[in-house]
Amino acid sequence: MFELKDKPRSENSLLRGKVAIITGARRGMGKSHALKLAKAGAKIVVSDISLEECQKVVKEIEKGGGKALAVKCDVTKREQVDEMVKKTIKKFGRIDILVNNAGICQFKPFLELTEEDWDKTLDINLKGYFLCAQAAAKEMAKQKSGVIVNIASIAMGQVGVGFPNLTHYSASKGGIVGMTEALAVELAPYNIRVNAVAPGVIETPMVDPLKSDPKTMEATLARIPLHRMGRTEEVSNLVLFLASDTSSYMTGSTVVIDGGWLAT
Ligand code: NAP
C-alpha cells in the first residue's frame, strides 16, 4: 500500500555499506561516478594511471565525509589490476561494484590507422574491461553478490549510425556490449549483475578535440535533439541506478544516454 508518509529511500543511502571500484576515475566521467557513488554512501576505490591525481579525488570525497582509497592502476596490466583488487579487499574487505570506465578515444581515418593505434585502443578499452571484470568478479562470486557497470558508447554498432574515424574505438565499444551480455548470463548464478551504459557526447576532456573544431561541433550538436552535450552528472545518475538495488531485475542490458541522437 502506498502512503505518502513512507518516505522514499534517500539517494544518499542507496549504496550505504557498499564498496565500489571506478577505473579511469581521476577526471571526466570516472571522477563524476566516483563522487556520485560516494555521495550515495559507497566507499570508493579511485583508480587511474596517475596516483597523485587519484589522491586529489580521494581528498574531495573525504572532505565531503566519504571514505575512499587511491590506487594507481593501468587497466591493461594484469598485475596492476590484481594489486588494485588486493588493496581494495585489504582496505574495505569486499567489492560490491565495479565501474569499468577507463578508456581512450582517438579520432583517426581508417586508412591511416596503424596496428599500434588498433592495439592500444583495444588493449585499454576492451582487454582492460576484461581484466578488471574478471578480477572483481572472482571476489564477487565468493560473496555471491555484485554489480558490474561497463561504460560503452553509442559508437558500439548495431544502432543504425556508423561513426567515421572511430573504427578501432567502435570495435572496442561493440566488444564491450557483447562481453556485457555474455557475462550477464555467466555470472547470474553468482548473483552478479552486469549492464552497460552507452553515452552519446558528454562534456569531458575526451571531447576537447571535437570542441576545438567549431564546424564539427556544430554538425555534432545538430544531430542531437536536445542540442547540447551531456553533463557527466547525468551519466553518473544512470550509473548509480545500475549500481544500486533499484535496478535489481536488470542484467545484460545496454542503456543509451545520448540526448536523443539515436532516436533521430
Ligand atoms: P577522460 O576524461 O579522458 O577520462 C578517461 C580516464 O581514463 C582518464 O583519466 C585516462 O587517463 C584514464 N585512462 C586511460 N588509459 C588508462 C589505462 N590504461 N588505465 C587506467 N586508466 C586509463 O574520458 P571520459 O569522457 O570521462 O570517458 C570515460 C569513459 O566514457 C570512456 O570509456 C569513454 O570511452 C566513454 N565515453 C565517453 C564519451 C564522451 O563523450 N566523453 C562518450 C561515450 C563513451 P589519462 O588521461 O592519463 O589517459
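The legends below describe close-up views of the ligand and the pocket around it in a predicted model.

**View 1. Residues around the ligand.** Of the 29 residues around the ligand (each with a heavy atom within 4 Å of it), those that come nearest are Arg26, Arg27, Met29, Tyr169 and Thr204. By class, this shell has 17 nonpolar, seven polar and five charged residues, and at least two of its residues are supplied by each of helix 1 (28-39), helix 4 (115-143) and helix 5 (167-187), helices being DSSP runs (H or I) of at least four residues.

**View 2. Polar contacts of the ligand.** Three pairs of N or O atoms within 3.5 Å are shown: oxygen atoms of the ligand lie 2.8 Å from a side-chain N or O atom of Asp48, 2.8 Å from a polar backbone atom of Asn101 and 3.3 Å from a side-chain N or O atom of Tyr129. The protein covers 91% of the 890 Å² of accessible area that the ligand has on its own (Shrake-Rupley method, 1.4 Å probe).

**View 3. The largest pocket.** The ligand sits in the largest pocket, with more than half of its atoms within 2 Å of the grid points. A pocket is an open set of points on a 1 Å grid over the protein atoms alone, with protein on both sides within 12 Å along at least five of seven lines, and its lining residues have an atom within 4 Å of a point. The volume is about 1200 Å³, the space filled by probe spheres set on the points. Among the 45 lining residues, Ile104, Cys105, Tyr169, Met206 and Val207 lie nearest the centre.

Residues are numbered from 1 along each chain as its sequence is written. Local features need pLDDT of at least 70 and side-chain atom pairs 80 or more, whereas totals for chains, interfaces and linings use all residues, and side-chain values use heavy atoms, without hydrogens and water.

Technical notes:
Polar contact = N/O pair within 3.5 Å; in protein donor to acceptor, adjacent residues only side chain to side chain. 1 Å grid on protein atoms, 1.4 Å probe; cavity = no way out; pocket = protein on both sides within 12 Å on 5 of 7 lines; lining within 4 Å. Nonpolar A, V, L, I, M, F, W, Y, C, P; charged D, E, K, R; others polar.
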